[in-house]
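Trainee: I would like to learn how to read a ligand site and a pocket from a model. Can we go through one case?

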Amino acid sequence: MTDAASDLREKDIQYSLHPYTHLAAHEEKGPLTMERGENIYVWDSEGNRYIEGLAGLWCTSLGFSEKRLVEAARRQLEILPYTHTFAHRSSPPVIELCERLIDIAPHPMARAFLVASGSEAIDTAIKFVWYYNNALGRREKKKVISRQRGYHGVTIAGGSLTAIPLMQTDFDLPLDRFLHTDTPCYYRYGEEGESEEEFATRLADNLDRLIQSEDPDTVAAFVAEPVMGAGGVMPPPRSYFEKVQKVLKKHDVLFVADEVICGFGRTGNMWGSQTYDIAPDIVTCAKQLSSAYMPIAAIMIDDEIYRVFREQSKKHGALGTGYTYGGHPVAAAVALETLKIYEERNIMLHVNEVSSLFQQRLRELGNHALVGDARGVGLIGGLEIVSDKASRAQYEAEVKAAPKVFEKALREGLVVRALPGDTIGVCPPLIITREQINDLFDRLERAFDAAETELPGG
Ligand SMILES: Cc1ncc(COP(=O)(O)O)c(C=O)c1O
């Protein structure tokens with residue numbers, strides 16, 4: 001390690017508080033400092049190259065060296081580095097971006113509201129749901145349902161929806177009003193002899209029962225990722241969303257589609273909602289909206305909600321919420337350029353051309369002794385680790401099976417992610433080529449082989 005790198009390492013240990021990091025272990029281990037990126041690759045401070053197999057945090061769709069995005073940011077920084085969207089103010093890129101989002105929305109939407117992160121988008125969506133029901137005089141209709149192992153960020157409402165113990169324990173979450181229903185993962189939660197459709201029916205029936213037992217007049221919204229991501233990459237079982245949407249309609253419960261990971265091509269369509277025939281009332285999106293080159297996210301609301309908000313403004317004088325960096329012109333300019341690139345280069349077509357190989361290689365890894373389930377869609381995949389394939393038993397948590405595969409992958413020059421449920425997540429930049437997909441899975445296979453020799457029974 002160079003002196004400069006060693007100096008940075010010491011400073012990081014001394015001054016940085018790292019999210020999702022074992023803080024005591026970090027004092028020994030120090031950071032993995034990434035210094036440079038190009039195409040789908042990143043280089044650490046010691047010059048090691050990695051395939052970024054999780055596109056950063058499911059977000060750098062166009063890779064790490066898209067010059068047009070750099071240029072879009074530079075241009076806007078020179079013209080007008082900042083203005084806001086409060087009190088009738090706006091800027092050209094913000095106006096253009098909102099138009100574009102409404103244009104491509106998965107279901108007719110009326111207005112887009114810009115924020116800076118997925119968590120802010122989710123918290124704002126929940127505030128909008130409450131505001132909407134208050135406006136309609138439905139003051140009791142406020143509870144929000146998400147799924148166990150769903151991930152919706154870490155702010156107070158988002159963290160209440162994110163039903164993963166690590167993210168709630170000792171943070172006094174979830175707050176009241178937040179309820180959780182079943183995880184739609186057929187492999188892990190399907191019962192003996194139950195078909196995938198029957199599993200979906202059971203989950204929809206359970207949701208129906210939950211809403212009835214809480215009283216439908218108190219349940220406002222259901223929040224769901226089309227494909228569950230950070231909770232363990234779980235595409236829905238067949239017919240799940242069709243059945244769930246019937247239940248929601250019956251009880252007049254809004255559907256908030258959290259497209260923060262799925263939005264902008266990840267599942268092979270522009271939106272996960274299109275892949276699974278979801279007709280949401282509200283959409284949240286972020287990440288690939290700007291290929292993560294700038295922090296930006298959005299909430300879209302449909303016309304029915306917008307009309308109610310419009311009336312509320314007459315009553316209250318304004319829509320009483322907003323963020324300093326919501327509608328940041330530089331972030332909006334970069335997002336707009338990202339959407340242009342998706343269209344010009346037909347990124348959706350590219351994803352569809354390469355995703356069959358991605359899914360084939362993923363499924364082949366399902367034959368590995370350590371892998372119980374290989375699941376995914378488009379360019380997202382999860383590999384659930386088991387200690388015994390037949391019984392689907394998992395390793396004890398202390399064994400840290402997924403983190404072991406993650407470490408071995410790093411040594412193979414590949415970044416993946418160890419997710420809850422001992423699942424390895426793979427979600428590369430959308431620009432990945434067939435050759436790079438083969439390289440990625442060759443490395444991942446070697447990582448599984450290496451981990452197997454060190455795991456109990458290996
Ligand atoms: C589906 C989903 N919703 C919300 C979020 C929160 O986004 P952020 O980390 O930008 O706050 C994430 C982050 O991974 C996510 O995957």
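Mentor: Start with polar contacts, meaning pairs of N or O atoms within 3.5 Å. Here an oxygen atom of the ligand lies 2.9 Å from an N or O atom in the side chain of K287. The protein covers 83% of the 390 Å² of accessible area that the ligand has on its own (Shrake-Rupley method, 1.4 Å probe). This is a predicted model, in which local features need pLDDT of at least 70, side-chain atom pairs count only at pLDDT 80 or more, and totals for chains, interfaces and linings use all residues. Side-chain values use heavy atoms, leaving out hydrogens and water, and residues are numbered from 1 along each chain as its sequence is written.

Trainee: Which ligand atom is 2.7 Å from an N or O atom in the side chain of D258?

Mentor: A nitrogen atom. For the side chain of S119, the ligand atom is an oxygen, at 2.5 Å from an N or O atom.

Trainee: How many residues of each class are in the shell around the ligand?

Mentor: The shell has 3 nonpolar, 5 polar and 3 charged residues, with Gly counted as polar and Tyr as nonpolar. A residue belongs if one of its heavy atoms lies within 4 Å; among them are Y151, H152 and E225.

Trainee: And how is empty space found?

Mentor: Rolling a probe the size of a water molecule over the atoms shows where empty space is left. A pocket is an open set of points on a 1 Å grid over the protein atoms alone, where a 1.4 Å probe fits, with protein on both sides within 12 Å along at least five of seven lines; lining residues have an atom within 4 Å of a point. The second largest pocket is lined by 31 residues, with T85, H88, A112, F113 and L319 nearest its centre.

Technical notes
Polar contact = N/O pair within 3.5 Å; in protein donor to acceptor, adjacent residues only side chain to side chain.
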